[in-house]
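Work through the exercises below with the sequence and the model open side by side. Each task is followed by a solution in steps.

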Amino acid sequence: MYRLRVENLSKTFVLHHQHGIRLPVLANASLEVESGECVVLHGHSGSGKSTLLRSLYANYLPDQGHIWVKHNDAWLDIVQAPARDVLAVRRQTIGWVSQFLRVIPRISALEVVMQPLLDLGVSRDVCEDKASMLLTRLNVPERLWNLAPSTFSGGEQQRVNIARGFIVDYPILLLDEPTASLDAKNSAAVVDLILEAKARGAAVVGIFHDESVRNLVADRLHNMATVEAKNDH
Ligand SMILES: Nc1ncnc2c1ncn2[C@@H]1O[C@H](COP(=O)(O)OP(=O)(O)OP(=O)(O)O)[C@@H](O)[C@H]1O
């Protein structure tokens, strides 16, 4: 069962402050992702992996093409969808996990992790249990849970962010180098979370520069087209 269909997606950045230079990054990119499958975006630095992933989360607006998302049992094109639908998709259907935490002053790590699940109306007890379980699995020491993550180390913030990304069982997960600067033990914990998400049927799209992590999670690679091929269009 497909959860995500990308059709003929194109994106050219226009650098208005640099003589209007045009940078074609995506040209007719197409991709389908099934439930339970992990597709890893693969290509050299600058080939557009982040641009494609950000477009899937509707952070970037493509110039043309469609991104069909299975949302509440119906297909929704998030390229065309109004902002309120995009917000609903982000709340219920697509999770985004990157290596960077957007720190909110004075909000504790436990609250930061629980928030997306609380927003879905799940009871506080259940949210707290799940957040505690995730923080434990990701080796965030319990003495930190009630502190705001602004003073945490980079790796601790990264793991809080990953716990937040996995608190909701999203049908689609977008992973932007979630293991980038983690040690082997914590990378293995993240790999386990990804494999569990696949096992419950999540469709996963990710960027992983670490080859060993990529080999453990990827069902297949999506090769980004070369710039030369893009310019032929
Ligand atoms: N917001 C932006 N404005 C202008 N150009 C951009 C923007 N974002 C990305 N680009 C350009 O688009 C191209 C693709 O960048 P992107 O970050 O998608 O590549 P990537 O494959 O993820 O690279 P890396 O592996 O190095 O992270 C680059 O040439 C980059 O300079």
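## Exercise 1: Strand 8 and its partners

In this predicted model, five bridges join strand 7 (residues 172-176) to strand 8, and the two strands run parallel.

Task: Find which other strand pairs with strand 8, and in which sense. Then state which residues stand opposite V204, and how many residues of strand 8 are buried.

Solution.

Step 1. Strand 3 (residues 38-42) also pairs with strand 8, over three bridges and in the parallel sense.

Step 2. On the strand 3 pairing, C38 has V204 as its bridge partner. L173 also stands opposite V204.

Step 3. A residue is buried if its relative accessible area is under 20%. By that cut-off, five of the five residues of strand 8 (residues 203-207) are buried, and the strand is mostly covered.

Step 4. Sort the side chains by direction. A203, V205 and I207 point one way, V204 and G206 point the other way, and all are buried.

## Exercise 2: I172 in strand 7

Task: Decide whether I172 is buried or exposed, and list what it contacts beyond its neighbours in sequence.

Solution.

Step 1. Locate I172: it lies in strand 7.

Step 2. The relative accessibility of I172 is 1%, so this residue counts as buried.

Step 3. Leave aside neighbours within four places in sequence. I172 is then in contact with R3, L4, V69, T93, I94, G95 and A203.

Step 4. Check the distance to strand 8. I172 and V204 are 32 residues apart along the chain, and their C-alpha atoms are separated by 5.8 Å.

## Exercise 3: Helix 3 and F152

Task: Explain why helix 3 (residues 109-118) is described as largely enclosed, and find what covers its buried residues. Then describe the surroundings of F152.

Solution.

Step 1. Count the buried positions. Seven of the 10 residues of helix 3 are buried, so the helix is largely enclosed by the rest of the structure.

Step 2. Name them: A109, L110, V112, V113, M114, P116 and L117.

Step 3. Consider the spacing. An α-helix has 3.6 residues a turn, so residues three or four places apart point the same way.

Step 4. Look for the cover. It includes helix 4 (124-137) and helix 5 (154-166).

Step 5. Turn to F152, which is found in the loop between helix 4 and helix 5. F152 has a relative accessible area of 7% and is buried.

Step 6. Not counting residues up to four places away in sequence, F152 touches A109, L144, L147, Q157 and V160. A109 is one of the buried residues of helix 3.

Step 7. Compare position in sequence with position in space. F152 and D125 are 27 residues apart along the chain, with 25 Å between their C-alpha atoms.

## Exercise 4: Positive phi angles

Task: Place N72, N28 and E177, and give the phi angle of each.

Solution.

Step 1. Strand 4 (residues 64-71) and strand 5 (residues 74-77) run antiparallel and are joined by four bridges. The bridge partner of W68 in strand 5 is D77.

Step 2. Two residues lie between the strands of this hairpin, where N72 takes a positive phi near 50 degrees.

Step 3. N28 is placed in strand 2 (residues 21-34). Its phi is positive, about 55 degrees, although N28 is not a glycine. At 32% relative accessibility, N28 counts as partly exposed.

Step 4. E177 is found in the loop between strand 7 and helix 6 (184-199). Phi of E177 is near 50 degrees, again positive in a residue other than glycine. At 16% relative accessibility, E177 counts as buried.

## Exercise 5: The whole chain

Task: State how many helices and strands the protein chain has, and why it can be called as compact as a globular protein of that length.

Solution.

Step 1. The secondary structure comes to eight helices and nine strands.

Step 2. The radius of gyration is 18 Å, close to the 17 Å that the globule rule gives for 233 residues, so the chain is as compact as a globular protein of that length.

Step 3. Buried residues make up 47% of the 233 residues.

Step 4. Take the contacts between residues at least 6 apart in sequence: 69% of them join residues at least 24 apart.

Step 5. Count the charges. There are 24 positive and 26 negative side chains, and the centres of the two sets lie 4 Å apart.

Technical notes. Residues numbered from 1 in each chain as written. Predicted model: local features only at pLDDT ≥ 70, side-chain atom pairs only at ≥ 80, totals over all residues. Heavy atoms only, no water. Rg over C-alpha atoms; globule rule 2.2 N^0.38 Å. Buried < 20%, exposed > 50% of the residue type's maximum accessible area, 1.4 Å probe, protein only. Contact = heavy atoms within 4.5 Å. Lys, Arg positive; Asp, Glu negative; His and termini not counted. Charge placed at Lys NZ, Arg CZ, Asp CG, Glu CD. Pairing = 2+ DSSP bridges.
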